[in-house]
Amino acid sequence: MSTRQRLRIALQKSGRLNDKSLGLLARCGLSFEMRKDVLLAPCENFPLDLMLVRDDDIPEYVHDGICDLGIVGQNVLQEKLLLKSPSASDGVKVLRKLGFGTCRLSLAVPKEFDYQSPSSLSGKRIATSYAGILKQYLDAQKITAEIIPLTGSVEIAPTVKIADFICDLVSSGETLRSNGLREVEVLLKSEAVLVRAVGALPASQEKSAARLLARIEGVIKASQNKYIMMNAPRNALETIKGILPGMESPSIIPLGDDGEKIAIHAVARENIFWETMERLKAAGASS
């Protein structure tokens, strides 16, 4: 159990998750005094200290209680805990997927290779920076293959004859295509997650952790929704209510003296917002 009075959260010092992790905390209303080359920054308005470290270290820091919370990619979390010990993942709990840093860990083969199924991997050499996850996959498939650990430029391994295939992170797939490779199996879908150690914290820190999680939930929920306001004929109300992807019934406000027009306020999910707007206008909504 931690003896510190303040929470400590580990974030990537630099890299693809750094800016969005800091941005998430800022949208939660947290202010940090960030100074160059300072790895531990206290929050000025919340009992929380920010620890900036290598992303590879975050799973172990949380597991070992050096930090109470962490923001890390699922790919890094699973790989580092597997390498630590087969049971290490039992000591770290994922509190919330955060919706950024999305990617996937995939197997890729030269585009001319006739890949049929995972059995096509048997006896082959596979280059990867994720030896733990790859081994777990091969063992589950009962496939024997040679794992070639590499720390960078994995995609060129088949070209320079270091390996036959690769297992690497994929976002758009453009890097694979430019190196004459094609994706054949997805081992893991990954995004940034908020994690904590499974063990209990002192009561005051548990309360702070719950407050922080509630703020993060609120920020993510707000970012996924739009507030729509419109005017419409009253006789179009039922049609409009059927179109709105609202979380609750919309608010209805009468307009004018004759009651023929109304104002409608509602919350809609952003990912279908523009499609919804078009359908609402077709149903008679305006303004």
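Which element supplies the largest share of the lining of the largest pocket? Hold that thought for a moment, everyone. What you have in front of you is a predicted model, and I'd like to walk you through it, starting with that pocket.

The answer is helix 3, which gives five residues to the lining. Helix 3 covers residues 74–84, and strand 9, residues 165–170, also supplies at least two lining residues. The pocket itself has a volume of about 500 Å³. It is lined by 23 residues, and the closest to its centre are D55, D56, N75, V76 and Y130. If you sort the lining by class, you get 10 nonpolar, eight polar and five charged residues.

Now let's turn to charges. Side chains of opposite charge can pair when their charged atoms come close. In this model, the count comes to 13 salt bridges. Let me show you a few.

Please find D49 and R6. Their closest N and O atoms are 3.0 Å apart, and they form a salt bridge. D49 sits in strand 3, residues 48–53, while R6 is in the segment before strand 1, so this pair ties together parts that are 43 residues apart in sequence. Are the two partners buried or exposed? D49 is buried, because its relative accessible area is 14%, under the 20% cut-off. R6, at 29% relative accessibility, counts as partly exposed.

Next, have a look at R125 and D164. They also form a salt bridge, with the closest N and O atoms 3.4 Å apart. Here too the pair links distant parts of the chain: R125 is in strand 7, residues 125–128, and D164 is in the loop between strand 8 and strand 9, 39 residues apart. Both partners are partly exposed, R125 at 27% relative accessibility and D164 at 24%.

My third example is K241 with E238, whose side chains meet in a salt bridge at 3.9 Å, N to O. How many residues apart are they in helix 7? Three, so K241 and E238 are separated by about one helical turn. K241 is partly exposed, with 39% relative accessibility, whereas E238 is exposed, with a relative accessible area of 57%. Elsewhere, salt bridges that share partners join R54, D56, D57 and K80 into one network. You may remember D56 from the pocket, where it was among the residues closest to the centre.

Let's go back to the loop between strand 8 and strand 9, where we met D164. I162 lies in this loop as well. Together with I156 and V160, I162 forms a nonpolar patch on the surface, and the three have about 220 Å² of accessible area together. I162 counts as partly exposed, because its relative accessibility is 36%.

K161 has its place in that loop too. What is special about its phi? The angle is near 65°, a positive value in a residue other than glycine. K161 counts as exposed, at 64% relative accessibility.

There is another lysine to compare with it. K142, in the loop between helix 4 and strand 8, has a phi near 55°, again a positive value in a residue other than glycine. K142 is exposed, with a relative accessible area of 76%.

So, to look back: we began at the pocket with helix 3 in its lining, went through some of the 13 salt bridges, and ended in the loops with K161 and K142. Thanks for listening!

How values were computed:
Residues numbered from 1 in each chain as written. Predicted model: local features only at pLDDT ≥ 70, side-chain atom pairs only at ≥ 80, totals over all residues. Heavy atoms only, no water. 1 Å grid on protein atoms, 1.4 Å probe; cavity = no way out; pocket = protein on both sides within 12 Å on 5 of 7 lines; lining within 4 Å. Points joined across faces, edges and corners; volume = space filled by probe spheres on them. Helix = DSSP H or I, 4+ residues; strand = E, 2+ residues; numbered from the N terminus. Nonpolar A, V, L, I, M, F, W, Y, C, P; charged D, E, K, R; others polar. Patch = residues over 30% accessible without salt bridge, like charges linked within 9 Å, V, L, I, M, F, W, Y side chains within 5 Å. Areas by Shrake-Rupley, 256 points an atom, 1.4 Å probe, with all protein chains shown as cover. Salt bridge = Lys/Arg side-chain N within 4 Å of Asp/Glu carboxyl O. Buried < 20%, exposed > 50% of the residue type's maximum accessible area, 1.4 Å probe, protein only.
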